[in-house]
Amino acid sequence: MNYEELWELVLAELELQISRPNFLTWLKKSALVEIRQGEAMIVLPNYFAKEWVEAKYNKLVFGLLREKEPSVKKINYAVDSGLFVKKNEPVKESPAEKQLSFAETRLDPETGLNPRYTLGSFVVGSSNELAYAASQAVVDCVGKRYNPLFLYGGTGLGKTHLIQAIGNEIRLRHKNQIHVKYVSSEKFTNDIIWAIRNKRTEDVKKAYRNVDVLIVDDIQFIGGKEKTEEEFFHTFNALHENNKQIIISSDRPPRAIPILEERLRSRFEGGMIADISQPDFETRMAILKVKMQEMAETVPDEIISLIARLVQKNIRELEGALNRIIFQAKQKGGFDLGQAEKLLAEMITRDNVNITPTQVIKAVASFYEISPTDLLGRSRKKEVVEPRQIAIYLLREMLNMSYPYIAEKMGKRDHTTAIYSYEKISRIIEKNGVFQQKMIMIKELVGKPDSRVV
Ligand code: ADP
Ligand code: MG
């Protein structure tokens, strides 16, 4: 039996064991490409399918595969969009393509950098010109010119991409001989809390002060966290005095971060501040073309410009729309302007008028394969807590319901639970592209007759 036949058998059983929308969305387009030394490699068409299958179905898939091929000890997952273009053709390895899709999943544990983000793949337009030029200057003169470099701008406009790209570029130029550390401000905060709790502040201090380049993403989240601010202030000074480069991103300028200590604010303002704003049409077109090439896809020009015209505010959403359209074309066997228009219209101006809370609850339950009763119940298990918070989020988002009303609908809870859940999910969505895609998919299930309820 070859891999393809083996995988067909596994898929046939998976299809029986999980709900139809989940099977179609996550597993139908998957392939087993090799089994080597007990490790099976399964590829999926996109990054969110990979995340999802890995998190949710790994146990099931592993069990089924192992039943049929006992030599399998472990499963690895990877993304390869190219594999699903021509069905039934033997798998050919195009090295460039493989590298690209595998790169997405690889985070350097030492630096925290993702090699996917490069200056070369960052499209420059009038909205980010200054930020880009400042970034290049930092790469050319590490620690000497613009220190700190403070980049700010709205969600999904390329801050993380750009500051990670600076880190990658510096590493490349200096043949990895320079110590770069990238952290989200959340990670920084957690490290400090951990250090205090475990009486290891010296170790953590060292870890942060021993670098040549420190990159802190989304610094706005440390505003008001006293201990963290304090520690960051000292780390900042120590690095700055030694001409070590500091790079910071934020969703707003320093003066607009509430409760940020004055002394820290003035440090930030002592360097170079550049903003990233919303991209104009030409930039959006260029970005879509770059993303299309990265995925080794060819999307007709008229569809690219349609996306660029309709999705204006957020580059992450721009990418999401492109992904959805490619996904649609693969399911339907080709691109079609009318279909694409319909899909985008649904994505953008979803008409929520006729949606009922029950439909939202059912869609979430179906997506996560739990029963609506459990979703509304009292269990604190992880498998139901997150879906419950998502249902709350969507009720607010899609139906504009008040918190007390949502709390009532969600199994007579306290309204503060509803507020907490909504805020928590909003924060995750802001930062996590995969999560955002999940939301899109759940929203698409709302009101659909085939959102089967288990
Ligand atoms: P932010 O951190 O500002 O929320 P990200 O850096 O995560 O935004 O960007 C969101 C997505 O958009 C990423 O996939 C990123 O690669 C892409 N992106 C943003 N700006 C650009 C750009 N100028 N060129 C190419 N891709 C971009
Ligand atoms: Mg970011």
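Hi everyone. Let's start at one small spot: Pro 148 sits in the loop between helix H5 and strand E4, residues 149-153. The peptide bond joining Asn 147 to Pro 148 is cis, with omega at about 0°. Most peptide bonds are trans, and most residues other than glycine have a negative phi. Before I go on, please keep in mind that this is a predicted model.

While we are on backbone angles, where else should you look? Asn 243 is not a glycine, and yet its phi is positive, about 55°. You will find Asn 243 in the loop between helix H9, residues 226-241, and strand E7, residues 245-250. Asn 243 is exposed, with 52% relative accessible area. Ala 296 also has a positive phi of about 55° without being a glycine. Ala 296 belongs to the loop between helix H11, 281-294, and helix H12, 301-310. With a relative accessibility of 39%, Ala 296 counts as partly exposed.

Now let's step back to the whole chain. The protein chain is divided into domain 1 (3-88), domain 2 (103-276), domain 3 (281-353) and domain 4 (357-445). Between the C-alpha centres of domain 1 and domain 3 there are 27 Å.

Next, the inside. In soluble globular proteins, nonpolar side chains tend to be buried together. Here the largest nonpolar core has 59 residues, and the ones touching the most other members are Trp 26, Leu 27, Ile 390 and Leu 394. Which helix gives the most to this core? That is helix H17, residues 382-399, with nine residues. Domain 1 and domain 4 both contribute residues, so this core lies between them.

Pick out Ile 390 on your screen. Setting aside neighbours within four places in sequence, Ile 390 is in contact with Val 364, Tyr 368, Ile 425, Phe 435, Met 439 and Ile 442. Apart from that core lies another one, of 26 residues, including Leu 119, Phe 122, Val 139 and Val 142.

Two of those contacts of Ile 390, Val 364 and Tyr 368, bring us to helix H15, where both are among the buried residues. H15 runs over residues 357-368, which makes twelve residues, and spans 17 Å from its first C-alpha to its last, close to the 16 Å expected at 1.5 Å a residue. Is H15 mostly enclosed or mostly open? Nine of its twelve residues are buried, so H15 is largely enclosed by the rest of the structure. The cover over those buried residues includes helix H2 (20-27), H3, helix H16 (372-376), H17, helix H18 (403-409) and helix H20 (433-445). Right after H15 comes Glu 369, with a positive phi near 55°.

Now for the charges. The count comes to 20 salt bridges, and I'll show you a few. Lys 50 pairs with Glu 54, with their closest N and O atoms 3.0 Å apart. These two are four residues apart in helix H3, residues 47-68, which puts about one helical turn between them. Lys 50 is buried at 7% relative accessible area, while Glu 54 is partly exposed at 35%.

In helix H8, residues 201-209, Lys 205 and Glu 202 are three residues apart, again separated by about one helical turn. Their salt bridge has its closest N and O atoms 3.8 Å apart. Lys 205 is partly exposed at 26%, and Glu 202 is exposed at 54%. There is also a network of salt bridges linking Glu 13, Glu 67 and Lys 68.

One more pair: Arg 173 and Asp 140 form a salt bridge at 2.8 Å, N to O. Arg 173 is in helix H6 and Asp 140 in helix H5, residues 129-140, so the pair ties together parts that are 33 residues apart in sequence. Arg 173 counts as partly exposed, at 44% relative accessibility.

I'll finish with a neighbour in helix H6, residues 159-173, namely Glu 169. What is the nearest side chain of opposite charge to Glu 169? It is Arg 173, 4.2 Å away, and Glu 169 is buried yet has no salt bridge. The reason is the cut-off: a salt bridge needs the side-chain nitrogen within 4 Å of a carboxyl oxygen. Leaving out residues up to four places away in sequence, Glu 169 touches Leu 119 and Val 139, and both of those are members of the core of 26 residues. Thanks for listening!

Terms used:
Residues are numbered from 1 along each chain as its sequence is written. Chains are lettered from A and ligands numbered from 1 in the order in which they are written. This is a predicted model: local features need pLDDT of at least 70, side-chain atom pairs count only at pLDDT 80 or more; totals for chains, interfaces and linings use all residues. Side-chain values use heavy atoms; hydrogens and water are left out. Buried means under 20% relative accessible area, exposed over 50%, partly exposed in between (1.4 Å probe, protein chains only). Lys and Arg count as positive and Asp and Glu as negative; His and the chain ends are not counted. Contact means heavy atoms within 4.5 Å. A nonpolar core is a set of buried Ala, Val, Leu, Ile, Met, Phe, Trp, Tyr and Cys residues joined through side-chain atoms within 4.5 Å. Domain bounds come from an automatic or database domain assignment. The expected span of a helix is 1.5 Å times one less than its number of residues.
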